[in-house]
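Hi everyone, thanks for coming. I'd like to walk you through a structure that is new to most of us, so please have a look at it first.

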Amino acid sequence: MKKYYIAALSVLILLGVFYWFYASSPPKELRLITSNNDDIEKESKETNAAEYGSVGYGLKDLNGKLIEEGSALNSKNNEVTVVASVDNDIDEDRKYALLIFEDYKQVNFKAENKEQEVDKFFFDAKPNSSINFKVSVPIRSDSSELTFVIVQKPEYKLKEQGF
């Protein structure tokens, strides 16, 4: 019986220590995940992007400050608001779509001045132009990652090949 009390007390102490570590750890911050700028520059040089044109993108806070990869995002009332920017340095009109993922799950958001939330936002870019639009994303209080994905030619379909 004495061994039972010692084992139970040991388990309780162990659980208390784990709880203490968990409760005293700092809260998680919401982080932005984007492509690494160094990787983009390296790929641009390897593929001669200047010769063929390129597409650039980024996010800014409402004060115009660039949001870098891994930056903590500030939220107000469980909502993150940023300005998305896309540079279409290609000599053709292009259609793009914006998708947003919160902790790897696609979420609804508001883009531009639209009242309705959408799960994807389509926009067109003229040749050699830049486009900026405001995006507001409602987030959960326990979110740890927010990912913005821009898809070019979202309605592009490959020809079916008959075999």
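Let me start with some vocabulary: a residue is buried under 20% relative accessible area, exposed over 50%, and partly exposed in between, using a 1.4 Å probe and protein chains only. By that scale, Val17 is partly exposed, with a relative accessible area of 37%.

A word on what you are seeing. This is a predicted model, where local features need pLDDT of at least 70 and side-chain atom pairs count only at pLDDT 80 or more, while totals for chains, interfaces and linings use all residues. Residues are numbered from 1 along each chain as its sequence is written, and side-chain values use heavy atoms, with hydrogens and water left out.

Now the overall picture. The protein chain has three helices and 10 strands; these are DSSP runs, H or I of at least four residues for helices and E of at least two for strands, numbered from the N terminus. Of its 163 residues, 23% count as buried.

Back to Val17, which sits in helix α1, residues 2–24.

Let's go inside. The largest nonpolar core has 22 residues. By that I mean buried Ala, Val, Leu, Ile, Met, Phe, Trp, Tyr and Cys residues joined through side-chain atoms within 4.5 Å. Among the residues with the most contacts inside this core are Leu98, Phe109 and Val137. Strands β4, β5, β8, β9 and β10 each supply at least two of the core residues, and β4 gives the most, with four.

Which way do the side chains of β8 point? They alternate: Phe121, Phe123 and Ala125 point to one face and are buried, while Phe122 and Asp124 point to the other and are not. β8 also pairs with β5 in the antiparallel sense over five bridges, where pairing takes at least two DSSP bridges between two strands. Ala125 in β8 is the bridge partner of Arg94.

That brings me to charges. Side chains of opposite charge can pair when their charged atoms come close. Here a salt bridge is a side-chain nitrogen of Lys or Arg within 4 Å of a carboxyl oxygen of Asp or Glu, and the whole structure has six. Arg94 meets Glu92 in one of them, at 2.9 Å from N to O. Arg94 counts as buried at 12% relative accessibility, whereas Glu92 is partly exposed at 32%. Arg140 and Asp142 meet in another, at 3.1 Å. Salt bridges that share partners join this pair with Glu102 and Asp103 into one network.

Thanks for listening!
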